[in-house]
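Here is an informal walk through one chain, starting with a backbone oddity and working inwards from there. Have the structure open as you read.

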Amino acid sequence: MIRVLVVDDDYHVAHAHALSVARIPGFEVVGEAHTGTEALELVASNEPDLLLLDMYLPDFSGLDLVRQVAASGDRVPDFLLVTAARDIDSVRSAMQLGAFYYLVKPFSFAALREQLEGYRAWSERMDRAPEADQHVVDALYSLRGAPPRRAAAARTLQPTMARVLEIVASAPAPIGAAEVAEILGASRPTAQRYLAGLVKKQLLDLDLTYGSTGRPEHRYLPRRA
């Protein structure tokens with residue numbers, strides 16, 4: 001379960017965001033903060049995984065909050081900006097500090113859900129990766145770089161195909177049809193058919209790995225951004 005702290009100076013907006021987060025499977029809200037000082041205290045006590053963070057706070061900015069947590073030596077949660085700040089310097093600073101994404105207010109629930117689902121897939125992949133070879137790095141950047149398109153596309157897929165996409169996205173390295181079939185609880189030809197369909201839809205990439213026999217092995221990974 002991904003633990004989320006909502007930080008917004010407007011009580012009503014913060015509560016609305018918290019209710020939205022609670023609707024998305026795999027997420028729980030561990031607190032709401034309305035000032036930077038309050039957010040610092042809740043980060044220390046509640047140890048959230050992710051901050052849903054407004055730029056404008058009454059005592060200091062959302063980005064200053066991230067800087068202060070980093071300076072304290074404590075673990076810095078991942079953060080997703082949800083803000084009315086439209087100046088390019090704010091966007092640049094957020095990117096430099098490692099923001100997962102930057103949502104400009106007003107935005108729809110669907111837009112927030114897409115980003116959170118993208119973050120969840122990225123986080124799961126990060127947790128399962130034993131080491132960062134180039135395939136893993138490419139997959140992590142792909143998941144971080146284009147979650148809206150992938151999440152939106154996944155919702156249009158037939159359920160089994162969507163599950164196959166989720167299996168590949170969560171794998172720590174490129175994965176073959178036999179492994180997908182085992183996780184899916186289906187036959188290898190069935191898994192292969194869905195994998196080929198996802199490649200055709202440009203949601204997966206096919207990676208040809210040559211084994212000890214010299215024959216290519218078909219393995220799959222999330223589409224590179």
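Look in the loop between α2 and β3 and you'll find Glu-47. In this predicted model, Glu-47 isn't a glycine, yet has a positive phi of about 50 degrees. Its relative accessibility is 59%, so Glu-47 counts as exposed, the cut-off being over 50%.

Gln-202 also has a positive phi without being a glycine, near 65 degrees. Gln-202 belongs to the loop between α10 (188-200) and β7 (204-210). With 45% relative accessibility, Gln-202 counts as partly exposed.

There's a peptide-bond curiosity too: the link from Lys-105 to Pro-106 is cis, with omega near -5 degrees. Pro-106 is in the loop between β5 (101-104) and α5. Why bother pointing these spots out? Because most residues other than glycine have a negative phi, and most peptide bonds are trans.

Now for the loop between β1 and α1 (11-22), where Asp-8 lies. Asp-9 is found in the loop between β1 and α1 as well. Is Asp-8 buried or exposed? At 1% relative accessibility, Asp-8 counts as buried. Asp-9, at 37%, counts as partly exposed.

Here are the loop residues with their accessibilities:

| Residue | Loop | Relative accessibility |
|---|---|---|
| Asp-8 | between β1 and α1 | 1%, buried |
| Asp-9 | between β1 and α1 | 37%, partly exposed |
| Glu-47 | between α2 and β3 | 59%, exposed |
| Gln-202 | between α10 and β7 | 45%, partly exposed |

What does Asp-8 touch, leaving out residues up to four places away in sequence? The list is Val-13, Ala-14, His-17, Ala-33, His-34, Asp-54, Leu-57 and Lys-105. Lys-105 is the residue that leads into the cis bond to Pro-106. Asp-9, again leaving aside neighbours within four places, is in contact with His-34, Asp-54, Tyr-56, Leu-57 and Pro-58. The C-alpha atoms of Asp-9 and Asp-59 sit 9.8 Å from each other, though 50 residues separate the two along the chain.

On to the inside. The largest nonpolar core holds 21 residues, and Val-7, Leu-51, Leu-53, Leu-65, Phe-79 and Leu-81 have the most contacts within it. Two or more residues each come from β1 (2-7), α2 (36-46), β3 (50-53), α3 (62-72) and β4 (78-83). The largest share, 4 residues, is from α3. In soluble globular proteins, nonpolar side chains tend to be buried together. Take Leu-81: apart from residues up to four places away, Leu-81 touches Leu-53, Asp-54, Met-55, Leu-63, Ala-94, Ala-99, Tyr-101, Tyr-102 and Leu-103.

Next, a helix pair. The axes of α5 (109-128) and α8 (159-170) come within 8 Å and cross at roughly 45 degrees, so α5 and α8 are oblique to each other. On the α5 side the contact uses Ala-121, Glu-124, Arg-125 and Arg-128, and α8 brings Val-168, Ala-169 and Ser-170. By class, that makes 3 nonpolar, 1 polar and 3 charged residues.

Finally, the whole chain. Its 10 helices and 8 strands are spread over 225 residues, of which 44% count as buried. Among contacts with a separation of 6 or more, 58% join residues 24 or more positions apart. The accessible surface comes to about 11300 Å², with 53% belonging to carbon and sulfur atoms.

Note on methods. Residues are numbered from 1 along each chain as its sequence is written. This is a predicted model: local features need pLDDT of at least 70, side-chain atom pairs count only at pLDDT 80 or more; totals for chains, interfaces and linings use all residues. Side-chain values use heavy atoms; hydrogens and water are left out. Axes are lines fitted to C-alpha atoms, for helices over the stretch in contact, and angles run from 0 to 180 degrees between N-to-C directions. Angles under 35 degrees count as roughly parallel, over 145 as roughly antiparallel, 65 to 115 as roughly perpendicular and the rest as oblique. Contact means heavy atoms within 4.5 Å. Ala, Val, Leu, Ile, Met, Phe, Trp, Tyr, Cys and Pro count as nonpolar, Asp, Glu, Lys and Arg as charged, and the others, Gly among them, as polar. Buried means under 20% relative accessible area, exposed over 50%, partly exposed in between (1.4 Å probe, protein chains only). Accessible areas come from the Shrake-Rupley method with a 1.4 Å probe; for residues, only the protein chains shown count as cover. A nonpolar core is a set of buried Ala, Val, Leu, Ile, Met, Phe, Trp, Tyr and Cys residues joined through side-chain atoms within 4.5 Å.
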